[in-house]
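Let's take a walk through this protein together, going from the whole fold down to a single residue. Keep the 3D view open as you read.

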Amino acid sequence: MTAQTSRIPEFYKKTYEERLQILKQQAELSDEEIHLLRLHAAASFGTVNRMIENVISVMFLPLGMATNFLINGEEYMIPMAVEESSVVAAACNAAKLARISGGFFVSSSDPIMIGQVQLLGINDFSAAQKIIFLHKARILALANAHDQVLIANGGGAVDLETKVLETSRGPMLIMHLFVNVCDAMGSNIVNTMVEGVATFLEDLTGGYARLRIVSNYAVRRMVKARAVWKKEQIGTEVVEGILDADALAHADPYRAATHNKGIMNGVDAVALATGNDLRAVEASAHSYAARSGSYQPLSHFYKNEDGDLVGELEMPLPIGIVGGITKSHPIAQLSLKILRVKTACQLTEIMGAVGLAQNFAALRVLVREGIQRGHMRLHSKNIASNVGAIGDEIDVIAERMVCERSVSDGRARELFDELKK
Ligand code: NAD
């Protein structure tokens, strides 16, 4: 049965208790269920209620810490927020194996984000492009007038370009504004700037501005990561196996999607732990993966002259250490403190290293024993808990399932019933 009605006027204006009472009635929740929502919101309702609308509770995730990371010669402890078993363990393991050859070597571009202005109703595209180009300095100055703090931090609009696109609604002129957003993710900065220059562009071109917004295809904000895994350490069979897996990912989008999902296991977990916009990170990664028209892996593995495995990753990463909720979310702040990052570029580079580590770890397991053994061992506790086991019961059932090599909902249920008898 669905809710009695979803038409609840001004739900956002209700107090927290009023919202819970409405929910209890409409969704027919028990007192215990309402208590659960209240319990999880207890420590942070004030904070989260300022983040989004209509808050009813908090959805929690484990925050784990990846160890062993050596990145550009520096030691890092890396907080990761993720619900999937084995992600944190895999990162630690891959980082440990990479330490022998110096860990991860990373670099990043300037933090340039792109804003778009869509100009319609233009008669002479070539004249419009010319006049925009002639007024470039004025447009950049106008954009920069909107964020003095950014300018004081060394950032600001740095360049622009135009292009004419043929679309199903006819030709249109698009202007790209390039903005150095320093330590911010930068969407709000860029949105303010492109909205701020739109009227001037209309005056210049005689057209009218429709969309004025940041692009999540952040191709001017790139990170590169590289690591070498020694053949003596991982075995030549694993080296060859990963090369086979890499070849498949480059030839087949079915595999490339899962290859990249492995990378995003790490990248997303650090993005979440540091309060970053996961949707932007994902949109950016996958649009870049599809840039050639066929969906491609974000990393590449090859053998060096010594026969060791080299992994290289390249991807856009629109993230920040100021702005958004990075400062207002207390755990995000703590994560940034643990990481000891001073700039957004530094965080970008750490995320690139974690993405590559995660990618290697998944491929290594895949070409050896297959993903399920280790994964299901870690997941067995979730399965035991799903059938109603609590406390020590979870460990007993999980252990039995792992010993029997039969980790499944059905077996967990049988063992739980046995235990209860
Ligand atoms: P923001 O507007 O919250 O903060 C950025 C501001 O911080 C800047 O305007 C600047 O004045 C100030 N600042 C102080 N020190 C700085 C420094 N060292 N470097 C840079 N800026 C500094 O945040 P934002 O990063 O512009 O926007 C991020 C938010 O925008 C995220 O919450 C995201 O979810 C949201 N958003 C995303 C999209 C999208 O399509 N991805 C669209 C709209 C909004």
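Before we start, a word on labels: helices (H or I, at least four residues) and strands (E, at least two) are DSSP runs, numbered from the N terminus. With that in hand, you can place Asn54, which sits in the loop between helix H3 (45–51) and strand E1 (63–71). We'll come back to Asn54 at the end. One caution as well: what you're looking at is a predicted model.

First, the whole thing. The protein contains 17 helices and ten strands, and its C-alpha trace spans about 80 × 70 × 45 Å along the principal axes. Of its 421 residues, 46% are buried. Turn to the outside, and you find about 21,400 Å² exposed, with carbon and sulfur atoms supplying 54% of that area. As for charge, there are 42 positive and 47 negative ones, and their mean positions lie 2 Å apart. How much of the contact network joins residues at least 24 apart in sequence? Among contacts between residues at least 6 apart, the share is 69%.

Now zoom in on strand E4, residues 112–120. Eight of its nine residues are buried, so this strand is mostly covered. E4 has strand partners to look for. One is E6 (residues 170–180), which pairs with E4 in the antiparallel sense over eight bridges; to find the spot, look for Met113, whose bridge partner in E6 is Val179. Another is E7 (residues 208–215), also antiparallel to E4 and joined to it by six bridges. Here the pair to pick out is Leu119, standing opposite Ala209 in E7.

Next, try helix H14, residues 344–367. Does its length fit what you'd expect, and what would that be? At 1.5 Å a residue, its 24 residues should span 34 Å, and because the end C-alpha atoms are 35 Å apart, the two values agree. H14 is mostly covered too, with 18 of its 24 residues buried.

Finally, back to Asn54 in its loop between H3 and E1. Is Asn54 buried, exposed or partly exposed? Its relative accessibility is 35%, so Asn54 counts as partly exposed; the in-between class runs from the 20% limit for buried to the 50% limit for exposed. Leaving aside residues up to four places away in sequence, Asn54 touches Phe11, Tyr12 and Arg19. Lys14 makes a nice final stop: Asn54 and Lys14 are 40 residues apart in sequence, yet their C-alpha atoms are 8.5 Å apart in space.

How values were computed:
Residues numbered from 1 in each chain as written. Predicted model: local features only at pLDDT ≥ 70, side-chain atom pairs only at ≥ 80, totals over all residues. Heavy atoms only, no water. Buried < 20%, exposed > 50% of the residue type's maximum accessible area, 1.4 Å probe, protein only. Pairing = 2+ DSSP bridges. Contact = heavy atoms within 4.5 Å. Areas by Shrake-Rupley, 256 points an atom, 1.4 Å probe, with all protein chains shown as cover. Lys, Arg positive; Asp, Glu negative; His and termini not counted. Charge placed at Lys NZ, Arg CZ, Asp CG, Glu CD. Expected span 1.5 Å × (residues − 1).
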